[in-house]
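Trainee: Could you take a close look with me at how the strands pair in this model, and then go on from there to the side chains? I would like one connected account.

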Amino acid sequence: MLEFDPFAESYFDDPFSVYKRMRDESRAYYHEGLDCYFLSRFEDIWEAVGSGHFSHRKGTNTQDLLADKPPNLALSSMSPPDHTALRKMLWPFFSPSSTRALEPFVREHVKTFVNEAIERGRVDANGELGRRISVRVAFRLIGLPQEDADRVADLVGLAFDRSSDVKGPNQRALDAQAELHGYLEDRIQERLEMPREDGLLDSLIAYRFEGRPLPADQILFNLYLFVVGGTETLPKVFAGGVYQLWKYPEQRAELAADLSLAKDAFWEILRVEMPTLMLGACAEQETEIGGGTKIPVGQKIMHLWVSANRDEREFDDPDRFDIHRKAPRILTFNNGRHRCLGAHIAQMEGRVLLEELLSRAPEFEIDEGGVVRIRSEFFRGFDKLPIVFGNA
Ligand code: HEM
C-alpha cells in the first residue's frame, strides 16, 4: 500500500518516484492525519483548477493548508468578485506590453551581475544571480527603494528555511517573515504619509472596491505576496535550468549558438524545474475528481505541480529534458482564476538570464562540491548552485 508523507526525508530524496506511484496507484490520495487529498495527475489538476469549484479561502500553501493556519487576505486567497476586480486593477503592471518595457532594466542588471561573476570566477545561480534580478524587478514594480533590494532578497530566502526536526518553517524562517512584514509595514506607512504615483503600492493604496479602500493589513499581505512571489521562485527555476544545461552539453551548445531558442528552452526548464512542490485549495461544492473520488464541501486538496509536469499521460518521455519540446501546456503557473500574474515577467527574466549567461560564458562549469539541495515539504531544487568560470 502506498503511504505518502509530505514531510518524510525519503520523499525529499526522490519525490519523482513517489509521484509516479501516486499517479499510477492513487491519483487522489487521501492523507487522514492532514485531512487532505493530494492530486498527482496533470489532467486531474488542470480540471480542478479550471472548474471554479474550489476556492483559496483556507489558503494555498503548506503553512496554511497542512497546518490549518488561517490564511492572509492577499490576492492569492481571495475569491470573486473581489479577486476578479483586484486582478483587473493589477493586470496593467504584468501585461505583455509592461513586460516588454521592463526588459531593458532586467538586461542591464543581468549583464552587470554576469560580468561581475565572471570577474570573480564564480557565482551562485540561485542566491547571487537569479534572486538579485527577481527582487529588483519586484521592487521596481511595487515602487520600493532599490537600495534595500539585496537585504530583502536575503530575508525572502530565509523565510523558507527548514530544519529536519521541525515540520514547516523553522524559527529562523518565522523571524525572517516577521522582519519582512515589519519592513513592508514601514514602507506602507511612509507612502500613506507621503503619497506618490510610483508603482503597484500606490495603486493598492488608491484602490477602491465598492467604494471602500483595502484595509491596511490587506495592503500589507498583498505587498508580501508580490515581494515573495516575485522574488523566490524564478531564481530556483533558473538554477535548475543552469543545472540541466550543464548536464546536457549538446543542448547547451545548441542554445548558445542560437539564442533565439532561449524562450522555448526556458519553457522546458519551467516544466522540469518547477520548484514549488504543492499548493492547494478547498472545495466550495461537492465535486468528483481523480476518476470518481467525491470531494465534499470544505475539503482541502493539494495540487502536486511537480508530479503533473512529469505525468507520462501528458508528456512523452516526461523525464527527458528537451529544449525543443514546446509543451502546449504546463502546470508551473497554475491555470484558471489564480494563474500566476507574473508569468510573462518570469518568462522574460528567465530568457534574459539564459541569453546573457550563455552569450558571455557558454562553457561554464558547476562546482558539484558546493551544490546544496533544498529539503522541504514546499520547495525542491537548488538552494545553492555554484557556477564556475574558466578563469577561476
Ligand atoms: C518562475 C517564476 C514563477 C513561478 C513558477 C510562479 C508560480 C505561481 C503559481 C503556481 C501561482 C498560483 C498560486 C496558487 O495556486 O495559489 C502563482 C500566483 C501568483 N504569482 Fe507567480 N510565479 C512565478 C513568478 C512570479 C513573479 C515574477 C511574480 C510577480 C512579479 C508573481 C506573482 C504572482 C501573483 C501575484 C500570484 C497570485 C495570482 C492570483 O492568485 O490571482 N509570480 N505564481
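**From strand pairs to the ligand shell**

Mentor: Happy to! Let's start with a single pair of residues: D124 stands opposite P386 in β14. Keep in mind throughout that this is a predicted model. The pair belongs to the antiparallel ladder between β4 and β14 (residues 386–388), which runs over three bridges. Step back, and you see an open sheet of three strands in the order β4-β14-β11, with antiparallel pairing. Its edges are β4 (122–124) and β11 (365–366), each of which has a pairing partner on one side only.

Now compare that with β10, which covers residues 300–304. This strand pairs with β2 (residues 36–39) in the parallel sense, over four bridges, and with β7 (residues 278–283) in the antiparallel sense, over five bridges. H303 is a handy place to see both pairings: H303 is the bridge partner of L39, and L279 stands opposite H303 as well.

What about the side chains of β10? In a regular strand, side chains alternate between the two faces of the sheet. Here K300, M302 and L304 point one way, while I301 and H303 point the other way. Burial does not separate the two sets, because buried means under 20% relative accessible area and five of the five residues of β10 are buried. Note that K300 and H303 are among these buried residues.

From the strands we can move on to the aromatic rings. Over the whole structure, a search turns up 16 aromatic pairs. The F4 and Y11 rings are edge-to-face, because their planes meet at 90 degrees, over the cut-off of 60, and their centres are 5.1 Å apart. Both F4 and Y11 are buried. Y11 also pairs with F12, with centres 6.0 Å apart and planes at 45 degrees, so this second pair is tilted. F12 is buried, just as Y11 is. So Y11 is a member of both pairs. Two values do the describing in each case: the distance of the centres and the angle of the planes. Ring pairs also extend the picture, joining F4, Y11, F12, Y19, Y29 and F38 into a cluster. F38 falls within β2, whose residues are 36–39.

Rings can also have a charged side chain above them. K236 lies over the face of F379, at 4.2 Å from the ring centre, and R310 lies over the face of F16, also at 4.2 Å from the ring centre.

K236 falls within α11 (216–247), and that helix takes us to the ligand. α11 gives the most to the shell around the ligand, with seven residues. The helices α5 (82–94) and α15 (343–360) also supply at least two residues each. Of the 29 residues around the ligand, the nearest are H83, R87, N334, H338 and C340. Three of these have polar atoms to look at: the side chain of H83 places an N or O atom 2.8 Å from a ligand oxygen, a polar side-chain atom of R87 lies 2.7 Å from a ligand oxygen, and N334 likewise has one at 2.7 Å from a ligand oxygen. H83 and R87 both fall within α5. In composition, the shell divides into 14 nonpolar, 11 polar and four charged residues.

Notes. Residues numbered from 1 in each chain as written. Predicted model: local features only at pLDDT ≥ 70, side-chain atom pairs only at ≥ 80, totals over all residues. Heavy atoms only, no water. Pairing = 2+ DSSP bridges. Buried < 20%, exposed > 50% of the residue type's maximum accessible area, 1.4 Å probe, protein only. Phe/Tyr/Trp six-rings, centres within 6.5 Å; stacked < 30°, edge-to-face > 60°. Lys NZ or Arg CZ within 6 Å of the ring centre and 35° of its normal. Near = heavy atom within 4 Å. Polar contact = N/O pair within 3.5 Å; in protein donor to acceptor, adjacent residues only side chain to side chain. Nonpolar A, V, L, I, M, F, W, Y, C, P; charged D, E, K, R; others polar.
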